[in-house]
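Q: I'd like a close look at one part of this protein, please. Start with the spot the database record flags, then work outwards from there so I can follow along in the viewer.

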Amino acid sequence: MVDLDRQILHIDMDAFYASIEQRDNPKYKGKPVIVGGISSRGVVCTASYEARKYGVHSAMPTKVAKKLCPNGIFLPVNMDKYKRVSRQIHEILYKYTDKIEPISIDEAFLDVTGKNSLFIAKDIKRDIQKEVNLTASIGISINKFLAKLASDLKKPNGLTIIRKEEVVNFLKPLPVSKLWGVGPKMERELSKLGIYYIGDIQRYDKDVLITLFGKRGKEIYDFSFGIDSRPVEVNIINQSIGEEETFKEDINNPKLLIDKLRLYSINLANKLVSKGYLARTITVKIKYDDFSIETRSITLNIPTNDERVIFHTGKQILLNKFKSEKNVRLVGLTLSNLIYPDDPIQLSMKI
Ligand SMILES: [Mg+2]
């Protein structure tokens with residue numbers, strides 16, 4: 001297969017929710033604005049750059065943020081407004097290409113292969129500034145992994161290119177956590193092998209990594225050289241599928257919840273296969289006996305229709321992301337970010 005160089009853009013809005021609030025309330029300009037859950041168990045969604053100087057960051061409990069930044073302006077999430085702005089931004093992006101993969105409310109990949117990616121990136125930044133009065137950071141490179149890495153290098157209002165010929169040297173000194181999908185757990189595993197930097201992986205034996213980590217090992221090895229053939233997925237289906245059950249009696253035994261997740265995973269994987277879809281985001285929902293609801297998600301690097309992957313991910317979410325000893329009334333599992341691949345077989349072989 002001839003692998004022509006691609007031109008991929010990663011667009012990432014800067015401190016999206018906080019910037020919108022600062023835009024709409026001039027008195028918040030230049031101040032530490034923290035948007036998130038304001039209840040006692042709430043978490044920070046977005047902190048303005050002024051608030052980040054105090055060490056406040058997203059996913060931090062609001063309680064902690066209040067301690068770090070007592071003079072911060074704490075605002076509730078106005079999701080309807082942020083979605084409206086997100087749609088405006090997408091309209092801007094569609095002027096340049098329809099090869100767009102939305103990743104979240106404020107991030108997207110664009111495939112502009114064959115066009116002048118630098119001109120397009122500059123024009124997009126200018127249009128976003130002019131039409132919605134916000135700044136975006138854009139990364140340009142030959143694939144999704146590198147484009148995303150690039151957009152993160154000079155925030156806010158950045159524009160960064162990682163060129164093909166500089167990829168290997170560019171990656172070498174970066175910590176392994178910069179590799180797509182290397183979380184704290186994988187980081188620990190790699191550190192046991194004396195691997196701390198991406199350059200350490202570049203020098204490591206590929207077969208050993210595959211023996212130790214299977215498919216993930218190959219993926220990490222390829223990423224360490226900046227190789228990533230995942231396409232920009234334009235066929236994202238705006239729907240989700242899920243299953244949930246309210247129990248006759250409240251449950252406080254994780255094993256029973258895990259059994260439920262296993263059953264849901266089988267049913268949902270069957271649904272995916274029958275429709276020809278792959279899913280990328282897996283969400284577990286819990287309703288407690290006091291009727292409060294919590295949801296936690298993981299977005300996979302590689303979309304899947306495999307019941308084992310769905311179950312394993314759901315179980316991981318349940319065990320690692322929920323910390324309550326409370327009784328559970330309901331557990332649910334939802335798959336979203338569904339993709340209808342042009343060629344599902346080819347997609348799975350690319351990985
Ligand atoms: Mg962002």
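A: The spot to start from is Glu 107, which carries the "active site" annotation in an unreviewed UniProt entry. Keep in mind that this is a predicted model. Glu 107 sits in strand β6, residues 107-111. It counts as buried because its relative accessible area is 15%, and the cut-off for buried is under 20%.

So who does Glu 107 touch? Leaving aside residues up to four places away in sequence, its contacts are His 10, Ile 11, Asp 12, Glu 101, Pro 102 and Lys 148. Two of those names are handy for moving on: Asp 12 takes you to the metal, and Lys 148 takes you to a helix.

Take the metal route from Glu 107 first. The magnesium ion is coordinated by Asp 12 through OD, by Met 13 through its O, and by Asp 106 through OD, at 2.2 to 2.4 Å. Along the chain, these donors follow the spacing D-M-x92-D. Asp 12 and Met 13 are both buried. Asp 12 therefore does double duty in this picture, since it is a magnesium donor and also one of the residues in contact with Glu 107, itself buried at 15%.

Now the helix route. Helix α6 spans residues 144-151, and seven of its eight residues are buried. The buried ones are Lys 144, Phe 145, Leu 146, Ala 147, Leu 149, Ala 150 and Ser 151. Lys 148, the one that touches Glu 107, isn't on that list. Look at the start of α6 too: a side-chain oxygen of Asn 143 reaches to within 3.3 Å of the backbone nitrogen of Phe 145. Carry on past α6 and you reach the loop between α6 and β8 (159-161), where Pro 156 lies. The peptide bond from Lys 155 to Pro 156 is cis, with omega near -10°.

Next, back up the chain to Ser 48. This serine is in the loop between β3 (44-47) and α2 (49-52). It counts as buried because its relative accessibility is 1%. The Ser 48 side chain reaches the backbone oxygen of Lys 31 at 3.2 Å. Its contacts, again skipping residues up to four places away, are Ala 15, Ala 18, Gln 22, Lys 31, Pro 32 and Val 33.

Val 33 is your way into strand β2, residues 33-36. Both faces of β2 are covered: Val 33 and Val 35 on one side, Ile 34 and Gly 36 on the other, are all buried. Follow the pairing in two directions from β2. It runs parallel with strand β4 (residues 73-75), over three bridges, and Val 33 has Ile 73 as its bridge partner there. With β3, the arrangement is antiparallel, again with three bridges, and Gly 36 is bridged to Val 44.

For a contrast with these covered spots, try Ala 59, in the loop between α2 and α3 (62-68). Ala 59 has a positive phi of about 75° although it is not a glycine. It counts as exposed because its relative accessible area is 59%.

How does this region fit into the whole chain? The protein is divided into domain 1 (1-162), domain 2 (167-224) and domain 3 (236-350). The C-alpha centres of domain 2 and domain 3 are 28 Å apart.

While you have domain 3 on screen, have a quick look at Thr 304, in strand β12 (residues 293-304). Thr 304 is buried, at a relative accessible area of 8%, and its side chain reaches the backbone nitrogen of Asp 306 at 2.9 Å. Arg 329, in strand β13 (residues 328-336), is partly exposed at 23%. Among the residues it touches are Glu 245, Asp 250, Asp 289 and Phe 291. That last one, Phe 291, lies in the loop between β11 (279-288) and β12, and it has a positive phi of about 70° without being a glycine. At 52% relative accessibility, Phe 291 counts as exposed.

Note on methods: Residues are numbered from 1 along each chain as its sequence is written. This is a predicted model: local features need pLDDT of at least 70, side-chain atom pairs count only at pLDDT 80 or more; totals for chains, interfaces and linings use all residues. Side-chain values use heavy atoms; hydrogens and water are left out. Donors are N, O and S atoms within 2.8 Å of the metal (3.2 Å for Na, K and Ca); water is not among the atoms, so sites may look incomplete. Buried means under 20% relative accessible area, exposed over 50%, partly exposed in between (1.4 Å probe, protein chains only). UniProt positions are given in the numbering used here, feature names are shortened, and annotations may be inferred rather than shown by experiment. Helices (H or I, at least four residues) and strands (E, at least two) are DSSP runs, numbered from the N terminus. Contact means heavy atoms within 4.5 Å. A polar contact is a pair of N or O atoms within 3.5 Å; within protein, one must be able to donate a hydrogen and the other to accept it, and residues adjacent in sequence count only if both atoms are side-chain atoms. Domain bounds come from an automatic or database domain assignment. Two strands pair if DSSP finds at least two bridges between them.
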